[in-house]
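Here are my notes on the model you sent, set out as numbered points. I have kept to the sheet, the helix packed on it, and the spaces inside and at the surface.

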Amino acid sequence: MNSPVQENSYENRHFARWRETLVSVNNRLQDLPRYQQSGRITRAAGLVLEATGIQLPLGSFCLIDLPGVDPRGDGTRTAEAEVVGFGKDTLFLMPLTVIEGLVPGARVYCPSEHCDRGKRFPVGMNLLGRVVDGFGDPIDGKGPLHPDSYACSPTTPINPLDRKPIEAQIDTGIRAINALFSIGEGQRIGLFAGSGVGKSVLLGMIARYTSADIVIVALIGERGREVKEFIEHSLGAEGLTRAVVVATPADNSPLQRLHGASYATLLAEYFRDAGHRVLLFMDSLTRFAMAQREIALAVGEAPATRGYPPSVFARLPALIERAGNGASGSGSLTAIYTVLTEADDLQDPIADASRAILDGHIVLSRQLAESGHFPAIDVEASISRSMDKLVGREQLDRALEIKRYFSIYQRNQDLISLGAYSPGHDPLLDVAVANYPAVEAFLQQNISEKSTINDSLAELLHINGDRP
């Protein structure tokens, strides 16, 4: 009969052998590839692919195997896609790149490193002076980014009661805007314009001359040629040093354009929460809406107003409301969104919806642009909803007076041109005609000219304002 000491010794040796075996098995398991779901492509129609046999949440990313070998020589050729919808056992996927060569039954799978792609983006001061795409990958040839950290998108909405009020005016460097349509730090403004009326040049001037600490430029869905032109000519080397440019041109997929707008807003939020005064440009909000329309129609959503599905009008406020001031102790986030007006129609669905969400709008006139008037700001159609909280009574009254003179003169311009106007019949028109040359000169500004808030106010008060 064994003693208790012998039995314990036997149990200890037995336990040690089992422990060694378990450790060995565990080490072997660590070297094995992780389990991953996979499915097959069953249908490709338009922009959307349909896949079965795999379950992934909305917004997640996956890979699709394509025939052939990757030209870089690192394995099978793949295409990346995002889950944009589902129905019963079918996933609706939208590829981010060209899927030439796709065959029926191609494998769809989601490696762990791709499942969260598109949800975490690089942020930090090291991004200043860089040009990136909609996922934060550099496209300027200056090497890899070295971000301070990564942030998730979209962010949690701010409680409206926690937002700081708009109390200080931001200097745009544009005389007409500073004096007549004063913009506050944290305000969201729309720049409404048709094609070819000078909106990009005006944005470049504001980016160079603004008093903001950091400028975020989102070029969404515009011509690829304009990206380099905006950076080199409109923004300039000096402006780029305090800016981050997020570029997703028109040849990018609609998903990349949506992510580009969201990522640019995320960067602006990050710098705002770090205590900086941030100015966000988005050119254009209309292209963002069009990208959402392409996706919504591709997955089967019914069109509504002029072909725009309801989800478009739900995405607009969700994006715009992320801008603005944050909680007390944070910085400010002022945003200027360009809105393209089809055929210069301000009742376009996107223009109309944007105008209702934004805190004001500046309208550029094609008639003024064609006459050589720059910036071609339509004084009558433009408004800043926060101006009365930002400036003194004297400036507010003087701005309204200048708008009145400009409006009266424009309404009677045909009579004046024909020589049918004669002084003495309408005292208010007489004052408008007398002051019009000074008002017109005040509203125009050379591209290389900067006008601070104090300079703009001094020139506004200098205009002769004798009432009849």
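Which residues line the largest cavity?

1. Please keep in mind throughout that this is a predicted model. The lining of the largest cavity is made up of Thr172, Ile177, Ile183, Ile189, Gly190, Leu191, Leu202, Ile206, Ile336 and Ile362. By class, this lining has eight nonpolar and two polar residues, and no charged ones.

2. The volume of the largest cavity is about 40 Å³, and a search of the whole structure finds one cavity of 30 Å³ or more. Strand E10 and helix H4 each contribute at least two residues to the lining of the largest cavity, and E10 gives the most, with three residues.

3. Turning to the sheet, eight strands form an open arrangement in the order E8-E12-E11-E13-E14-E10-E15-E16, with mixed pairing. At its edges are strand E8 (131–132) and strand E16 (383–384), each of which pairs on one side only.

4. At the E8 edge, this strand pairs with strand E12 (residues 243–248) in the parallel sense, over two bridges. Within that pairing, valine 132 has valine 246 of E12 as its bridge partner.

5. Strand E13 (residues 277–283) deserves a closer look, since its surroundings can be described from both sides. Six of the seven residues of E13 are buried, and the strand is accordingly described as mostly covered. On one side, strand E11 (residues 214–220) runs parallel to E13 and is joined to it by six bridges, with isoleucine 214 standing opposite valine 278 of E13. Strand E14 (residues 332–340) also runs parallel to E13, again with six bridges between the two, and here leucine 279 has threonine 334 of E14 as its bridge partner. As background for reading such positions, the side chains in a regular strand alternate between the two faces of the sheet.

6. Helix H4 (residues 199–209) lies across strand E10 (188–193), E11, E13 and E14, and runs at about 165° to E13. H4 should also be read together with the spaces described in these notes, as H4 supplies at least two residues of the lining of the largest cavity and at least two of the lining of the second largest pocket.

7. The largest pocket has a volume of about 710 Å³. It is lined by 34 residues, of which Pro154, Leu258, Ser262, Arg315 and Arg322 are the closest to its centre. At least two lining residues come from each of strand E4 (76–87), helix H6 (254–273), helix H7 (285–298) and helix H8 (310–320). The lining of the largest pocket divides into 16 nonpolar, nine polar and nine charged residues.

8. The second largest pocket has a volume of about 520 Å³, and among the 26 residues that line it, Gly196, Lys199, Ser200, Arg223 and Glu226 are the closest to its centre. H4, helix H5 (224–240) and H7 each supply at least two residues of this lining, and H5 gives the most, with five residues. By class, the lining of the second largest pocket has seven nonpolar, nine polar and 10 charged residues. Helix H7 therefore merits attention in both pockets, as a helix that supplies at least two residues to the lining of the largest pocket and at least two to that of the second largest.

Note on methods: Residues numbered from 1 in each chain as written. Predicted model: local features only at pLDDT ≥ 70, side-chain atom pairs only at ≥ 80, totals over all residues. Heavy atoms only, no water. Buried < 20%, exposed > 50% of the residue type's maximum accessible area, 1.4 Å probe, protein only. Helix = DSSP H or I, 4+ residues; strand = E, 2+ residues; numbered from the N terminus. Pairing = 2+ DSSP bridges. Contact = heavy atoms within 4.5 Å. Axes fitted to C-alpha atoms, helices over the stretch in contact; angles between N-to-C directions. 1 Å grid on protein atoms, 1.4 Å probe; cavity = no way out; pocket = protein on both sides within 12 Å on 5 of 7 lines; lining within 4 Å. Points joined across faces, edges and corners; volume = space filled by probe spheres on them. Nonpolar A, V, L, I, M, F, W, Y, C, P; charged D, E, K, R; others polar.
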